[in-house]
Amino acid sequence: MFIQTGITVFNAIFQLFIISLAAGILTRKGVVKGEQVSALSDVTVNVFLPCLIVAKILVQFDPETLPLWWIMPLSGAIMVVAGLFLSGLFFKFRREKRPLMTLASMQNGIYIVLPIGQILFPDQFDVFAFYCFLLVLGLNPVVWSLGKVMISGKANTDIRLKDFVTPPLAAIFFSVAAVFSNLVAYIPKSIIASVDILGKATVPAAVFVLGATMGTISLRQMPNLKDILVVALVKFMLIPAGTFAVLYWGGIYESLPLFCNMLIIQACAPPATNLILIVKSYGGDSQAISTMMLVLYGLSILIMPMWISAWLALIN
């Protein structure tokens, strides 16, 4: 069962790797220009992803059938805090290691998790995506506040309200508010269906942008081996193991199996690509962060299938 599931999961992730690799090669060869990648990234973040969020939440979110929905954003925040604490212990909470602590704790909650969920759970993808968006409701504010300060290496970095209010986060708040206020009942289904059509472009566009972004990373200076081992240990071993233990021995998977599947994928996902954008915008060691992320994404191709396969084999 483990081997069969492992092959399925590896194939799913490998499909994403092929698309990302092709995007990276096209970017490095200059076939796809940097400004084109930036434009596609902007359209994905500002149009496709918000449309996907709005469509899925308006259709899937029902507070009466999911009264404990608030656990999902709380889970995202707890996962990050746990990663920061564990990596901080290894790095002795030294200021110069704060960027590495950020990489060890703040995962790519959308761009890598959604495509994997779409391949592994095609019949339940709408609900899977909905769970992801609620989790990001707790993850995103931490990334753009605490993550911004830590990865830039500047304790006095200004934190502005507009850094929190990204189109995807605004889409989440709007959708949740529309459900609670019953505004959703007055939105024509044809409009929601049209928004959903645009949202379907999110996954392929996001995978391409991810690969293109990785393709721009320079390999001139690789990270320190000890730092790689510490970050990888926390990101790919301790956080997934802790999540695995809580969900399984707590019996949570019996009542919320798909949510638990999503959390396991989140727990072993590589760092958020938004962290590169934060470094470019607010300062920090762009070369060191980029090369570390490239190493971690390479490791995730091998490690993620192991954790996901072990989980699916155990609960099935």
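**Figure 1. Contacts across the sequence of the protein chain.** In this predicted model, 85% of the contacts with a separation of 6 or more join residues 24 or more positions apart. The protein chain holds 15 helices and zero strands. For 316 residues, a compact globule would have a radius of gyration near 20 Å, and the 19 Å found for the protein chain agrees with that. Along the principal axes, the C-alpha atoms fill a box of roughly 55 × 45 × 40 Å.

**Figure 2. Inside and outside of the protein chain.** Of the 316 residues, 53% count as buried. The exposed area comes to about 14400 Å², with carbon and sulfur atoms supplying 67% of it. As for charge, the mean positions of the 19 positive and 13 negative charges lie 13 Å apart.

**Figure 3. The aromatic pair of F61 and W69.** The count for this model is 15 aromatic pairs. Here F61 and W69 meet edge-to-face, 5.6 Å centre to centre and with 70° between the planes. F61 is buried because its relative accessibility is 5%, and W69 is also buried, with a relative accessible area of 19%.

**Figure 4. The aromatic pair of Y248 and W249.** The ring centres of Y248 and W249 are 5.4 Å apart and their planes stand at 85°, so this pair is edge-to-face. Y248 counts as partly exposed, at 24% relative accessibility, whereas W249 counts as exposed, at 69%.

**Figure 5. A cluster of rings.** Which residues do ring pairs link into a cluster? They are F61, W69, F130, Y131, F180 and F259. You have already met two members, F61 and W69, as an edge-to-face pair.

Methods: Residues are numbered from 1 along each chain as its sequence is written. This is a predicted model: local features need pLDDT of at least 70, side-chain atom pairs count only at pLDDT 80 or more; totals for chains, interfaces and linings use all residues. Side-chain values use heavy atoms; hydrogens and water are left out. Helices (H or I, at least four residues) and strands (E, at least two) are DSSP runs, numbered from the N terminus. The radius of gyration is taken over C-alpha atoms; the globule rule is 2.2 Å times the number of residues to the power 0.38. Buried means under 20% relative accessible area, exposed over 50%, partly exposed in between (1.4 Å probe, protein chains only). Contact means heavy atoms within 4.5 Å. Accessible areas come from the Shrake-Rupley method with a 1.4 Å probe; for residues, only the protein chains shown count as cover. Lys and Arg count as positive and Asp and Glu as negative; His and the chain ends are not counted. The place of a charge is taken as NZ of Lys, CZ of Arg, CG of Asp or CD of Glu. Rings of Phe, Tyr and Trp (its six-membered ring) pair if their centres lie within 6.5 Å; planes under 30 degrees apart count as stacked, over 60 as edge-to-face and the rest as tilted.
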